[in-house]
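I pulled up a model today and wanted to get my bearings before bench work. These are my notes from going through it.

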Amino acid sequence: MLLLVANDLLWTTFLEGAGPISKRLNSWAARRILAIHKRSKTRRAITKAGLVNVVSTLMLWSAMLWGGWAMVFNSGPNAVVFSPTERPATVSERIYFAGYTLSTLG
C-alpha cells in the first residue's frame with residue numbers, strides 16, 4: 001500500500017495528469033458532481049469541483065499512508081512496545097501510533 005500511494009503521489013505531482021489511483025477517485029467524484037449539477041440546475045456544484053478533487057485526493061493519500069504504516073506496525077507482536085513496561089501495543093494502539101507519527105512527528 002505504501003508503494004501504491006508513493007507511486008500515485010509522485011506520478012500526480014511530477015508527471016502529466018493524475019496517477020492511477022487519483023484518476024479513478026477524481027473520475028468518480030466528477031461523475032457525482034455532474035449528477036448533482038444536473039439535479040440542481042445551478043453551477044454551484046461545478047464551481048466546487050476543483051476543491052473537491054484536491055481535498056479528496058489529499059485525504060485518500062493520507063488514509064493510504066496511515067493504513068500502510070498501520071500494517072507495517074502490525075506486522076509483528078513486538079513491532080511497537082510501551083517502553084516503561086515493555087508491554088506490546090494493541091492493534092488499536094498501533095493504528096493510533098501510525099497516525100500520531102504521520103501527523104505530529106513526521
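My entries below go from the whole chain down to single residues.

**Entry 1: what I am looking at**

I remind myself that this is a predicted model. I went through the secondary structure first and found five helices and two strands in the protein chain. Reading along the sequence, I get the order α-α-α-α-β-β-α.

**Entry 2: overall dimensions**

I looked up the radius of gyration and got 19 Å for the protein chain, where a compact globule of 106 residues would have one near 13 Å. I also checked the C-alpha trace along its principal axes, and it spans about 60 × 30 × 20 Å.

**Entry 3: surface, burial and contacts**

How much of the protein chain is buried? I find that 22% of its 106 residues are. The exposed area comes to about 7,600 Å², and carbon and sulfur atoms supply 69% of that. For contacts, I took those in the protein chain with a separation of 6 or more; residues 24 or more positions apart account for 46% of them.

**Entry 4: charges**

I tallied the charged side chains next and have 12 positive and 4 negative ones in the protein chain. The centres of the two sets lie 23 Å apart.

**Entry 5: Thr-57 and Ser-22**

I picked Thr-57, which sits in helix 4, residues 49-73. Is Thr-57 buried or exposed? Its relative accessible area is 7%, and buried means under 20%, so Thr-57 is buried. The Thr-57 side chain has a polar atom 2.7 Å from the backbone oxygen of Asn-53. Setting aside residues up to four places away in sequence, I see Thr-57 touching Ser-22, Leu-25 and Asn-26.

That sent me to Ser-22, in helix 2, residues 20-40. Ser-22 counts as buried because its relative accessibility is 0%. What does Ser-22 contact, leaving aside its neighbours within four places in sequence? I noted Asp-8, Thr-12, Thr-57 and Trp-61. The Thr-57 contact thus turns up in my list for Ser-22 as well.

**Entry 6: Phe-82**

I moved on to strand 1, residues 81-82, where Phe-82 is found. Phe-82 counts as partly exposed because its relative accessibility is 42%. I also took a distance from here: the C-alpha atoms of Phe-82 and Thr-104 are separated by 18 Å, with these positions 22 residues apart along the chain.

**Entry 7: Glu-86**

Which loop holds Glu-86? I place Glu-86 in the one between strand 1 and strand 2, the latter being residues 87-88. Its backbone caught my eye: Glu-86 has a positive phi of about 60° although it is not a glycine. I jotted down the background that most residues other than glycine have a negative phi. Glu-86 counts as exposed because its relative accessibility is 56%.

**Entry 8: Glu-93**

My last stop was helix 5, residues 91-105, where I found Glu-93. Glu-93 counts as partly exposed because its relative accessibility is 33%. What does the side chain of Glu-93 reach at 2.8 Å? I traced that to the backbone nitrogen of Thr-90. I also used Thr-104 as an end point again, and the C-alpha atoms of Glu-93 and Thr-104 are separated by 16 Å. These two are 11 residues apart along the chain.

Definitions and conventions:
Residues are numbered from 1 along each chain as its sequence is written. This is a predicted model: local features need pLDDT of at least 70, side-chain atom pairs count only at pLDDT 80 or more; totals for chains, interfaces and linings use all residues. Side-chain values use heavy atoms; hydrogens and water are left out. Helices (H or I, at least four residues) and strands (E, at least two) are DSSP runs, numbered from the N terminus. Buried means under 20% relative accessible area, exposed over 50%, partly exposed in between (1.4 Å probe, protein chains only). The radius of gyration is taken over C-alpha atoms; the globule rule is 2.2 Å times the number of residues to the power 0.38. Contact means heavy atoms within 4.5 Å. Accessible areas come from the Shrake-Rupley method with a 1.4 Å probe; for residues, only the protein chains shown count as cover. Lys and Arg count as positive and Asp and Glu as negative; His and the chain ends are not counted. The place of a charge is taken as NZ of Lys, CZ of Arg, CG of Asp or CD of Glu. A polar contact is a pair of N or O atoms within 3.5 Å; within protein, one must be able to donate a hydrogen and the other to accept it, and residues adjacent in sequence count only if both atoms are side-chain atoms.
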